[in-house]
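This report goes through the empty spaces of one protein chain, then its domains, one of its helices and a few single residues. Please keep the sequence and the structure open while reading.

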Amino acid sequence: MHSLPKDPIPAPQSPAWQREWRESFRDAASLLAFLELDPSRLPELPRTDPAFPIRVPRAYALRMRKSDPDDPLLRQVLALASENDEHPGFTADAVGDGQAQEGPGVLRKYDGRALLVLTGVCAVHCRYCFRREYPYARQAPSRAQWEQIYARLGADAGVEEILFSGGDPLSLSDSMLRWHWEQALSLPHVRRVRIHTRLPLVLPARVDDAFLSLVAELAARKPLYLVLHVNHAREIDEAVLAAARALRAAGAILLNQSVLLRGVNDSVEALAALSRRLLDAGVLPYYLHQLDRVRGTHGFEVEETKGLELIEGLRAKLSGYGVPKYVREIQGEASKTEIGKVGGRE
Ligand SMILES: *Cc1c(COP(=O)(O)O)cnc(C)c1O
Ligand code: SF4
């Protein structure tokens, strides 16, 4: 197991979102006390995992229902004892990121796209995370290494899109993010930049005026595709709606990808409510991911046959663009694989 890098310690004049982030819940006891939820009402005991501890911003915990052990937001972040159980087929690197690694910080799996792991730090620790055992800390590139990485990408005309991922790239300061983003924009053959993040959702204060002007400035140069990771309609409260609206106004194109999660969004009602709420926020549902079989995540798995039924149910209810593509990642394939499609593998 790796240990995540330490959070940057914000100076007193640091942005409000960083100070708010410092106030996050970091253990089950304080989160459960805040929710007025007696641990004896949980299906299992909470688990302490020093390598991937509980981390929940207060802004996110405020959207959870009090005293509800089944709350779909709580389920995403509360570590339970059964994470320790071993299940056949659930491994540390289920999606072959190790093999796709081109060097520290860079994953090249699909044509035209380079995924950069800008940081190992996240604002929230999602228990279903497919990168929960990714060896971030050991490989965080230095500034000099990043310069070499961008030089290498600049020499590869096949790269048309740079993806910023992590960890969560928006856990970086605006100035770090600007540096990376400008490096990517300066590569002539790069046509657009994509950022995958959960921060506007779990800590909407991140989307402050300084960040919005950064987006407005840089998204004017080449399109910015911002992919949010929302799994449940109730994750989008008024503050998140406002953040999404402001990001669109600043020029970002907003997409969403979710993971199909047992006990969180494994019903037609939950997925339809999620799509409707996303469309209210001006966010297009992009992917619904089948869970990657990463050690510790077994409790979230939903059968693919059920997933296909859910997608059928959605198609009958929503506009075509409200239905995400149901995909999974198969190691060695040329793209994510659409489940249930002819040509897709069973
Ligand atoms: C998922 C993924 C992408 C992006 O794939 P899209 O289908 O374009 O969303 C790019 N690089 C890596 C390594 C990925 O895992
Ligand atoms: S924000 Fe993303 S990378 Fe971070 S723990 Fe959650 S799912 Fe994993």
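A pocket, as the word is used here, is an open set of grid points with protein on both sides within 12 Å along at least five of seven lines, and its lining residues have an atom within 4 Å of a point. The model under discussion is a predicted one.

**Pockets and cavities**

By that definition the second largest pocket has a volume of about 360 Å³, and its lining consists of 20 residues, with E44, R75, L80, S82 and G299 lying nearest its centre. Domain 1 (16–84) and domain 2 (97–338) each contribute at least three residues to the lining of this second largest pocket.

The largest pocket holds about 880 Å³ of space. Its lining is made up of 42 residues, and those that lie nearest the centre of the largest pocket are F130, R131, S165, H229 and Q257. Several strands take part in this lining, since at least two residues come from each of strand 3 (113–117), strand 4, strand 5, strand 7 (253–259) and strand 8 (284–289).

Apart from these open spaces, the structure holds five cavities of 30 Å³ or more. The largest cavity has about 60 Å³ of space, and the residues that line it are N256, S258, L271, L274, S275, L278, P285, Y286, Y287, L288 and P324. Two or more of these lining residues come from each of strand 7, helix 12 (268–280) and strand 8.

The table sets out the linings of the three spaces by residue class.

| Space | Volume | Nonpolar | Polar | Charged |
|---|---|---|---|---|
| Largest pocket | about 880 Å³ | 18 residues | 13 residues | 11 residues |
| Second largest pocket | about 360 Å³ | seven residues | six residues | seven residues |
| Largest cavity | about 60 Å³ | eight residues | three residues | no residues |

**Domains**

The domain assignment divides the protein chain into domain 1 (16–84) and domain 2 (97–338). Taken over C-alpha atoms, the centres of domain 1 and domain 2 are separated by 23 Å, and contact between them involves 26 residues of domain 1 and 34 residues of domain 2.

**Helix 8 and its surroundings**

Helix 8 (residues 174–185) comprises 12 residues, and the distance from its first C-alpha to its last is 16 Å, close to the 16 Å expected at 1.5 Å a residue. The buried residues in helix 8 are D174, L177, W179, H180, W181, A184 and L185. These buried residues pack against three helical and strand neighbours named here among others, including helix 7 (143–154), strand 4 (161–165) and strand 5 (192–197); helix 10 (209–219) and strand 6 (224–228) also belong to the elements that the buried residues of helix 8 pack against.

In the loop between strand 4 and helix 8 lies G167, and a cis peptide bond, with omega of about 15°, joins G166 and G167.

**Q139 and P141**

Q139 is part of helix 6 (residues 136–139), whereas P141 is placed in the loop between helix 6 and helix 7. Is Q139 buried or exposed? Q139 counts as buried because its relative accessible area of 13% is under the 20% cut-off. P141 is likewise buried, with a relative accessible area of 15%.

When neighbours within four places in sequence are left aside, Q139 is in contact with Q101, P104, G105 and Y134. P141, with residues up to four places away in sequence not counted, touches P104, G105, W146 and I149. The C-alpha atoms of P141 and G105 are separated by 6.3 Å, although these residues are 36 residues apart along the chain. Between Q139 and T119, which are 20 residues apart in sequence, the C-alpha to C-alpha distance is 9.8 Å.

**Residues with positive phi**

E36, which is not a glycine, has a positive phi of about 50°, and E36 is found in the loop between helix 2 (28–34) and helix 3 (58–61). With a relative accessible area of 55%, E36 is exposed. S67 is a residue other than glycine with a positive phi, near 50°, and its place is in the loop between helix 3 and helix 4 (72–77). At 28% relative accessibility, S67 counts as partly exposed.

Technical notes
Residues numbered from 1 in each chain as written. Chains lettered and ligands numbered in written order. Predicted model: local features only at pLDDT ≥ 70, side-chain atom pairs only at ≥ 80, totals over all residues. Heavy atoms only, no water. Helix = DSSP H or I, 4+ residues; strand = E, 2+ residues; numbered from the N terminus. Expected span 1.5 Å × (residues − 1). Buried < 20%, exposed > 50% of the residue type's maximum accessible area, 1.4 Å probe, protein only. Contact = heavy atoms within 4.5 Å. 1 Å grid on protein atoms, 1.4 Å probe; cavity = no way out; pocket = protein on both sides within 12 Å on 5 of 7 lines; lining within 4 Å. Points joined across faces, edges and corners; volume = space filled by probe spheres on them. Nonpolar A, V, L, I, M, F, W, Y, C, P; charged D, E, K, R; others polar. Domains from an automatic or database assignment.
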